[in-house]
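Hello,

Here is the structure for you to look through. My notes on it follow below.

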Amino acid sequence: MCLLRPTPTQPSAPAHTRRQAQEIDSSTYAVTHTHGQAPADQAAIRTHSISVSRPPGKTHFRAPLLLLLRMAMQWTLLALCLLLKAGHGENPQWFKNISTNLFRSPGDILLGGLFPINQLTSNLSQRLEPDDIHCDSVDAYGLAMALVMKYTVDEINATPDLLPDVTLGFESHDCCRQPAVIMKPTLRFLTAGSSDELEVKCNYTEYMTHVTAVIGPCNSEIAAVIGKLLGFFLMPQVSYRATSDEFSNKLQYPSFVRTVPSDRWQAAAMVQLLAEFGWNWVAVIGSEDEYGKQGKQQLSSMASDANICVAYEGLIPIYGDPVPMIREILDRIKETKVGVVVLFSVSQATTAFFKEVIRVNMTAVWVASTAWALHSGLITLPGIETIGTVLAFADMTQPVSLLSPYVQELFAKLETERLQQGTPQPSSSSTSPLDNPCPDCWNLSSLNASIVDTQLVQRTAFSVYAAIYSVAHALHDTLGCSANKCSRHPSSNRIYPWQVLQKLQKVSLTLNGAHIEFDDQGNPSIGYDLVVWIFKNNTVTFRDIGTFIRNITINKQSIPWHTGNSVVPTSTCSSDCQAGQVRIVKGFHSCCFDCIDCKEGSYQNKTDDIQCTPCPSGQWSTLRSTSCSLPTYTYLTWKSYESVGLALAGFLLLVCQAGLGFVFFKHRGTALVSAAGGPLSGLSLICLMGGCVSLVLFVGQPNDTACRLQQPLNAVFPTVTLSTILAISLQIVCVIEFPERAPTHLENLRGLGTWVVVLACCGLQMGLCGWFMKEGPSLTRYVASLEVNFLTRFLSCPVEPVLNFGLMLGFNGVLSLISFMCTFMAMKPVKQYNLARDITISSLAYCVTWVIFIPIYAGLSDKDKSIAQIVVTLLSNIALVGAYYGPKCYLLVKHPDLNTPDYFRTFLEGAPPIPPEETQEK
């Protein structure tokens, strides 16, 4: 690109306005050739304003030779620029026919454009008259957007199949970003036809306005000023920068559509960004205008729904001095200790804000809204690289590839005409802004063509481009156009704005690869690009790191964080709770909390729970659990040490019992065996062995059958032995207490009477066992009825009802106690076997064993209860075997000679025992 750099040779005119302080004398030029974008010091661009050349206020006469040399130099430079431009590529043919009028072009149908071509240069607080407002400093960005409109209209007119035989015209006006300024051009748009009169009518259906549609304005605040007025006429208003969600209300703004997403989408994208990085403690700052207020409100509301706490909200003044409020905002941000600040603000307020941020040396993560994300005035602030990390949302866009060469061609042609015609610069004081919104643009040259090459313009030009093309396609449908002709023509058929609006709302087109259509609220099908500011060598560039279309996607590895080792910064009020803990909110913000452990029987259901969730019925949890589980049951397995030890003891006892049984069987029919109970003694031994064997029901996985038989068998088998001993005890009582009658009735007592006693006792015990089995629950029902307050529990057979269980054990205890009472005072027969002694010791041992068992059993755990019952059963079994059968076995083995009827005569024949004294007398 060929640029002409103005070199001032004279001091500027007296500085009676702010504009004149920026003007540069264009008497001489220097040539600069670049193959890319001109550096900032080569272009006459400074942040928002563009400096254009103006001759000094006083005419200077120079020598003719000097004048000829200067003209020769200028024509030479122009020729050189044309040659260099030709080397970069061939421009379209229609470039040769473009008009040098930057802000208006005649046509069959006119479009109105509203752009911030100038900046405010007067003090609004001192405004006394309606026209006492001045916008005299050229805004480079606004001028670039106006040039985009001119380029787009020219391109459409050069496209024969879009509006064949119909010329599209336009009028661009300055809005100065001020509501007081924008009303004039808006009223001009609404005047009747080509007149300057705004008619008052009862019915505006057939009212022909000056323009058919309005493109703009540049922000939400001034768009709202004229939106309802244009909506009254149903004139299409297509904004390229007004993003407030207020305009989605079609009742208030029926004719408003836009080519940028709504701020509601932007707020949703910001909330997803915050959630993606786990930032739930943020500050939200907005500018004190419609854009900032509504954006801040929507963001705060959506953040609350996403469990993101807004620690502080503030507004930056835009109409007064913002510095005091900005300092207060920064102090509050420091107090709340947030690490992420969302700035929903216009560029003017944001620039003032970051000047203070740089001054106080504050660093943070700054989330930028589209209004300032790419603004050139910010990225050139001294020290901007010290503010931290900037994540910015920019409208998803497409390049307008021919814009730069078009503007280069336009400015070169403008400069050529100025040099050829020698027309003086129009006076800004005598020219109405409605006729010429930019008097200073008279001096634009190829040098200034770089205003459309800035990143901000390149990323936002497509919004203006798409807005105009949308209207053009709506006109295509309204006029009934084909590729060759239109069925209606504006010269013969009236085209009303409301007719175009109906078609505009249904437009669907693909433009430079992007699909454009509007929903019922006038919002486009466009999302956002997420970019990060890259600070390098005192310059700022933008790197795409993600997109947002309904959902956000981020390439996190592409973000150079300002923290050490590029670690993702954190911004939370409280550290995250650990697993199994819930948040107990303290204060007003849900993100500030204490972490409380979930107790047993409750669990943490979600990470953001504020109270623990009770476990469902039948499940349980431990301390600090994140879930509940079904309980598991343990039991005495055959591999456990306890089971092995008890099994070994039981086996040894079985061996002993078997040995005793063998000895008794070998000496069956002898006096000792007969005195010990005869066949019942063998049955008792077998039942004692059965009692040992039945203990296997206590080991292994319990089931309904095993549990039904466990306690009854453990009670019935000892009953047989104890009832046999009881029968013999009764015989001893009969012999001792009734010696006269004993010989007569002893035979009956030792025969049928013994069996009656045994059967009666066993029958009664079986009745108690049957009652126990009937009243007691099955294992399945018992487990189902358990109140689950455990995760692991030893599963033993239910011993319920306890009363029935006590009656079964108590019945055996009563039998042993009666036997003891019958024999412990019995007289010892002289020179005969003392059978009463065996009964006394065995019954006492059995009774004491179970009496000791009762209090111990009550305080044990389920597992220990099972083990204790097995041990006590074995001990009581040993007591009966050792004390009752042991001495008899010893006599049979060691003293078989005493196994005679005479040695057992008292118990066999009923002869009363002789006291020891009588024996000595004899």
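Which residues are linked with Arg-327 in a network of salt bridges? They are Glu-356 and Arg-359. A salt bridge here is a side-chain nitrogen of Lys or Arg within 4 Å of a carboxyl oxygen of Asp or Glu.

Before the details, some ground rules. This is a predicted model, where local features need pLDDT of at least 70, side-chain atom pairs count only at pLDDT 80 or more, and totals for chains, interfaces and linings use all residues. Residues are numbered from 1 along each chain as its sequence is written, and side-chain values use heavy atoms, with hydrogens and water left out.

**Overall**

The protein chain has 23 helices and 28 strands. Both are DSSP runs numbered from the N terminus: helices are H or I with at least four residues, strands are E with at least two. The chain has 922 residues, and 53% of them count as buried. Buried means under 20% relative accessible area, exposed over 50%, and partly exposed in between (1.4 Å probe, protein chains only). Take the contacts in the chain with a separation of 6 or more: residues 24 or more positions apart account for 73% of them. Contact means heavy atoms within 4.5 Å.

**Salt bridges and helix 8**

The count comes to 21 salt bridges. Side chains of opposite charge can pair when their charged atoms come close.

Back to the network. Arg-359 and Glu-356 meet at 2.8 Å, N to O. They are three residues apart in helix 8, so about one helical turn separates them. Glu-356 is buried, with a relative accessible area of 7%.

Helix 8 covers residues 347-359, and Ser-347 lies in it. Ser-347 counts as buried, at 8% relative accessibility. Its side chain makes a polar contact of 3.4 Å with the side chain of His-375. A polar contact is a pair of N or O atoms within 3.5 Å; within protein, one must be able to donate a hydrogen and the other to accept it, and residues adjacent in sequence count only if both atoms are side-chain atoms.

Two other salt bridges to look at:

- Asp-838 and Arg-837 meet at 3.4 Å, N to O. Asp-838 is buried at 2% relative accessibility, whereas Arg-837 is partly exposed at 39%.
- Glu-199 and Lys-201 meet at 4.0 Å, N to O. Glu-199 is partly exposed at 35% relative accessibility, and Lys-201 is partly exposed at 35%.

**The eight-stranded sheet**

This sheet is open, with mixed pairing and the order 14-13-15-16-17-20-21-22. Its edge strands are strand 14 (309-316) and strand 22 (551-554), each pairing on one side only. Neighbouring strands are turned by 25° against each other on average, direction ignored. Two strands pair if DSSP finds at least two bridges between them.

At one edge, strand 13 and strand 14 pair in the parallel sense over seven bridges. Trp-281 stands opposite Cys-309 in strand 14. Six of the eight residues of strand 14 are buried, so this strand is largely enclosed by the rest of the structure.

At the other edge, strand 21 (residues 539-549) pairs with strand 22 in the antiparallel sense over four bridges. Gly-546 stands opposite Ile-554 in strand 22.

Helix 7 (residues 323-336) lies across strand 13 (281-287), strand 14 and strand 15 (340-344). Helix 7 runs at about 170° to strand 14. Axes are lines fitted to C-alpha atoms, for helices over the stretch in contact, and angles run from 0 to 180 degrees between N-to-C directions.

**The six-stranded sheet**

A second open sheet has the order 5-9-6-10-11-12, again with mixed pairing. Strand 5 (104-105) and strand 12 (256-258) are its edges, each pairing on one side only. Strand 6 (residues 109-115) and strand 10 (residues 213-215) run parallel, joined by three bridges. Gly-113 stands opposite Ile-215 in strand 10. Helix 4 (residues 220-232) lies across strand 6, strand 10, strand 11 (237-239) and strand 12, at about 155° to strand 11.

**A helix pair**

Helix 2 (residues 140-157) packs against helix 10 (residues 403-421) at about 100°, with the axes 10 Å apart. That makes helix 2 roughly perpendicular to helix 10 (65 to 115 degrees counts as such; under 35 is roughly parallel, over 145 roughly antiparallel, and the rest oblique). Residues in helix 2 including Leu-147, Val-148 and Tyr-151 meet residues in helix 10, among them Tyr-406, Leu-410 and Phe-411.

Best wishes
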